[in-house]
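Grab a pencil and open the structure viewer. Here are some short exercises, each with a solution to check yourself against.

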Amino acid sequence: ELMIVVAIVGILAAIAIPAYRDYIVRSKVSECAATLGACKTSVTEFHQAKNRMPNSLDSAGCSAATSQYCNGISTVAAGVITGVVSSRAGVSADCNLVLTPQTVTANNITDITGWAGSTTCENKYVPAQFR
């Protein structure tokens with residue numbers, strides 16, 4: 001009976017440890033996604049106030065601050081926000097998270113209706129919005 005218990009614990013550990021590692025990397029990548037979320041709010045406010053997209057981090061009001069796992073926001077061009085995930089987060093190499101505004105124009109007024117995410121990171125590490 002003891003051998004069966006040891007075998008079951010070994011099997012569970014063999015499955016759980018790799019899944020736990022992926023979970024840790026995913027949480028570190030999510031830190032960058034949260035940084036982009038703050039900038040997304042700034043870009044939306046800029047667009048609503050001026051009816052055009054910002055062309056730089058400064059005009060959008062986004063912070064270029066870095067953290068341990070996020071090399072910060074690299075660009076905001078025409079409303080497209082690009083953040084760089086550091087390889088220190090556990091991804092194989094530095095990769096990008098990109099948020100692109102989805103717009104609709106009616107009566108010469110453009111509205112942001114949503115945001116589409118894309119990435120150059122491995123899909124298993126990014127939040128669902130970027131897959």
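**Exercise 1: the hairpin**

Take strands β3 (residues 95-106) and β4 (residues 109-119) in this predicted model, and work out how they pair and what links them.

Solution. Start with the direction: β3 and β4 run antiparallel, with 10 bridges between them. Next, pick out a pair to check by eye: L97 sits opposite T119 in β4. Now look at the link, where 2 residues separate the strands of this hairpin. Finish with the turn residue N107, whose phi is positive at about 55 degrees.

**Exercise 2: the whole sheet**

Find the order of the strands in the open sheet, and say which ones are at the edges.

Solution. Step one: β1 and β2 pair antiparallel over 5 bridges, and C70 has V85 in β2 as its bridge partner. Step two: β2 (residues 80-85) is joined to β3, again antiparallel, by 5 bridges; here T82 partners V98 in β3. Step three: add the β3-β4 pairing, and the 4 strands line up as β1-β2-β3-β4. The edges are β1 (70-77) and β4, because each pairs on one side only. On average, neighbouring strands are turned by 20 degrees against each other, ignoring direction.

**Exercise 3: the helix**

Place helix α1 (residues 2-50) against the sheet, then look for a nonpolar surface patch.

Solution. First, α1 lies across β1, β2, β3 and β4. Its angle to β2 is about 160 degrees. Then turn to the surface: L2, V5, V6 and V9 make up a nonpolar patch, with about 380 Å² of accessible area together. One of these, V9, lies in α1.

Key. Residues numbered from 1 in each chain as written. Predicted model: local features only at pLDDT ≥ 70, side-chain atom pairs only at ≥ 80, totals over all residues. Heavy atoms only, no water. Patch = residues over 30% accessible without salt bridge, like charges linked within 9 Å, V, L, I, M, F, W, Y side chains within 5 Å. Areas by Shrake-Rupley, 256 points an atom, 1.4 Å probe, with all protein chains shown as cover. Salt bridge = Lys/Arg side-chain N within 4 Å of Asp/Glu carboxyl O. Axes fitted to C-alpha atoms, helices over the stretch in contact; angles between N-to-C directions. Contact = heavy atoms within 4.5 Å.
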